[in-house]
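Reader: I have the sequence and the model open. Walk me through the charged side chains, please.

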Amino acid sequence: VTVPQHTVQHGRTKVTSSKRGLKEVASKVTRAVSPTIPDNYQRDNQTLLLQVEALQSQLQEQTQLAKEQIDALLEDRRIHMEEAHVQHERDKDKIKSLAEKSVNAECNNQ
């Protein structure tokens with residue numbers, strides 16, 4: 001059984017196959033990412049910092065958009081409830097009016 005192993009070399013990922021196991025892979029990773037390459041660490045740190053800043057910016061933007069969407073949905077709900085209340089009052093007045101006409105019609109027929 002061949003298990004693909006990943007090793008990092010100078011900021012890139014190199015896929016290798018090994019039957020020898022994890023010890024060899026661990027030593028490869030240790031050799032490949034050694035503190036003797038400070039420029040790579042500096043570049044990687046700057047890249048990661050930029051990625052973090054970009055993700056924070058995206059998160060803030062998405063949070064703001066979500067808040068705006070919630071506000072819009074709450075406003076839509078308020079308007080819908082107001083319209084339903086107005087319709088309910090109209091229906092109530094119509095029922096009252098029809099009931100009064102029905103009573104008047106019965107009185108006139110007697």
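**Salt bridges and their setting**

Author: Start with one pair in this predicted model. Glu89 and Lys92 form a salt bridge, with their closest N and O atoms 3.8 Å apart.

Reader: In which helix do Glu89 and Lys92 both lie?

Author: The two residues are 3 apart in sequence. That is about one turn of the helix. Glu89 and Lys92 both lie in helix α2.

Reader: Is Lys92 buried, partly exposed or exposed?

Author: Buried means under 20% relative accessible area, and exposed means over 50%. Lys92 has a relative accessible area of 45%, so Lys92 falls between these limits. Its partner Glu89, at 27%, also counts as partly exposed. The class for Lys92 is therefore partly exposed.

Reader: Which residues do shared salt-bridge partners join into one network?

Author: Arg78 meets Glu75 in a salt bridge, at 2.6 Å from N to O. Arg78 also forms a salt bridge with Glu82, where the closest N and O atoms are 3.0 Å apart. The network joins Glu75, Arg78 and Glu82.

Reader: How many residues apart are Arg78 and Glu82?

Author: Both lie in helix α2, which covers residues 38-109. Their spacing is about one turn of the helix. On the other side of the network, Arg78 and Glu75 are 3 residues apart. For Arg78 and Glu82 the separation is 4 residues.

Reader: What is the relative accessibility of Glu82?

Author: Partly exposed residues lie between the 20% and 50% limits. Arg78 is partly exposed at 41%, and Glu75 is partly exposed at 35%. Glu82 counts as partly exposed too, with a value of 48%.

Reader: How many salt bridges does the count come to?

Author: The rule asks for a side-chain nitrogen of Lys or Arg within 4 Å of a carboxyl oxygen of Asp or Glu. Glu89 with Lys92 meets it at 3.8 Å. Arg78 meets it with Glu75 and with Glu82. The count comes to 3 salt bridges.

Reader: In what order do the elements run from the N terminus on?

Author: The protein has 2 helices and 2 strands. The strands precede the helices in the order of elements. From the N terminus on, that order is β-β-α-α.

Reader: What percentage of the 110 residues do buried residues make up?

Author: A residue counts as buried under 20% relative accessible area. The protein exposes about 10,000 Å², with 55% of it supplied by carbon and sulfur atoms. Of the 110 residues, the buried share is 7%.

Terms used. Residues numbered from 1 in each chain as written. Predicted model: local features only at pLDDT ≥ 70, side-chain atom pairs only at ≥ 80, totals over all residues. Heavy atoms only, no water. Buried < 20%, exposed > 50% of the residue type's maximum accessible area, 1.4 Å probe, protein only. Areas by Shrake-Rupley, 256 points an atom, 1.4 Å probe, with all protein chains shown as cover.
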